[in-house]
Amino acid sequence: MEMTTALWSFALVVGLLTLTPGLDTALVLRTSAMGRRSQAWGVVLGIQTGTLIWGTLTSAGVTALLTASQLAYDVLRWAGAAYLVWMGIGMLRDRGGRAAAEEEPEEGGFAHGWRRGTLTNLLNPKVGVFYVAVLPQFIPAGAPHFAAGVALTCVHVIEGMLWSTVLVGFAQVLRGWLRRPAARRLMDRVTGTVVVGFGLKLALTD
């Protein structure tokens, strides 16, 4: 398999993964729709930073530890689950519904969003296991393993950025509706429940 073919094939696989609604989608939509555009882009870039780190570590062979060591996987899994449950509970208790007609403050802005996106991605061991299982299959025989792996990961990052741009734009359409306190509370309750659900699923899935 040539490198060009590998890039297109990998783009198709991770493209379908990117379009599948999940935790990343919920975080980007919620943050952007609440009027925190700068923070939303921080979340987007944080998620893609995590993806790039996972791909780079996999290309270097480091993440193979997750499939070789049950202890390493469990430690990361429980840390990720605890973080998601904590973040979800924070959303459920968010005071966003109190603001009636004004946008909420940035609450940390870009840097806060970037940290949240990066941690959410890096503390999910399933992303690492996905890369360990899938990425090597698309690296052509004879190609420099590390460089090819990073190049393939960049395809995933680009697709993630493009899809996130669509999500942020869509969320802006909802801002008028979300100016109402009841709508803000609903957004927080739904997203918080989704995040807590992902955390519990991660904790209970071996």
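**Figure 1. T67 and its contacts in the predicted model.** Setting aside neighbours within four places in sequence, T67 touches V129 and V132. This view, like those that follow, comes from a predicted model. T67 itself sits in helix α4, which covers residues 64–68. With a relative accessible area of 49%, T67 is partly exposed, a class that ends at 50%, over which a residue counts as exposed. For a sense of scale, look across to G117: the two C-alpha atoms are 24 Å apart, and 50 residues separate T67 from G117 in sequence.

**Figure 2. Helix α2 and its buried residues.** Here we turn to α2, which spans residues 23–33. Nine of its 11 residues are buried, so α2 is largely enclosed by the rest of the structure. If you would like to pick them out, the buried residues are L23, T25, A26, L27, V28, R30, T31, S32 and A33. One of them, V28, is also a contact of S164, a residue of helix α8. Just past the end of α2, G35 adopts a positive phi of about 90°.

**Figure 3. M34 in the loop between two helices.** Follow the chain out of α2 and you meet M34, in the loop that links α2 (23–33) with α3 (37–59). Is M34 buried or exposed? Its relative accessibility is 1%, so M34 counts as buried, the cut-off being under 20%. A handy distance to display in this view is the one from M34 to A111: 17 Å between C-alpha atoms, for residues 77 apart in sequence. G35, which has the positive phi of about 90°, also comes just after α2.

**Figure 4. S164 and the residues around it.** Now move along the chain to helix α8, residues 145–173, where S164 is found. S164 has a relative accessible area of 7% and is therefore buried. Which residues does S164 contact, once neighbours within four places in sequence are left aside? They are V28, V44 and Q48. V28 is among the buried residues of α2.

**Figure 5. A salt bridge within helix α5.** The side chains of R77 and D74 meet in a salt bridge, with 2.9 Å from N to O. Side chains of opposite charge can pair when their charged atoms come close. Both residues belong to helix α5 (residues 70–92), and because they are three residues apart there, about one helical turn separates them. R77 has a relative accessibility of 6%, so it counts as buried. How many salt bridges are counted? The total is one. As background to this view, the protein chain carries 17 positive and 12 negative side chains, and the centres of these two sets lie 8 Å apart.

**Figure 6. A79, also in helix α5.** Staying with helix α5, the next residue to find is A79. A79 counts as partly exposed, with a relative accessibility of 34%, whereas R77 is buried at 6%. From A79 to P125 the C-alpha distance is 9.7 Å, while their positions lie 46 residues apart in sequence.

**Figure 7. W8 in helix α1.** W8 lies in helix α1, which runs over residues 3–19. Is W8 buried or exposed? At 65% relative accessibility, W8 counts as exposed, the threshold being over 50%. To relate W8 to another part of the chain, measure across to R116: their C-alpha atoms are separated by 30 Å, and the two residues are 108 apart along the chain.

**Figure 8. Placing the close-ups in the whole chain.** Zooming out, the protein chain has 10 helices and zero strands. The radius of gyration is 18 Å, close to the 17 Å that the globule rule gives for 206 residues, so the chain is as compact as a globular protein of that length. Along the principal axes, the C-alpha atoms fill a box of roughly 60 × 35 × 25 Å. Of the 206 residues, 45% count as buried. Among contacts between residues at least 6 apart in sequence, 87% join residues at least 24 apart. Finally, the chain exposes about 10,100 Å², with carbon and sulfur atoms supplying 70% of that area.

Notes: Residues numbered from 1 in each chain as written. Predicted model: local features only at pLDDT ≥ 70, side-chain atom pairs only at ≥ 80, totals over all residues. Heavy atoms only, no water. Helix = DSSP H or I, 4+ residues; strand = E, 2+ residues; numbered from the N terminus. Rg over C-alpha atoms; globule rule 2.2 N^0.38 Å. Buried < 20%, exposed > 50% of the residue type's maximum accessible area, 1.4 Å probe, protein only. Contact = heavy atoms within 4.5 Å. Areas by Shrake-Rupley, 256 points an atom, 1.4 Å probe, with all protein chains shown as cover. Lys, Arg positive; Asp, Glu negative; His and termini not counted. Charge placed at Lys NZ, Arg CZ, Asp CG, Glu CD. Salt bridge = Lys/Arg side-chain N within 4 Å of Asp/Glu carboxyl O.
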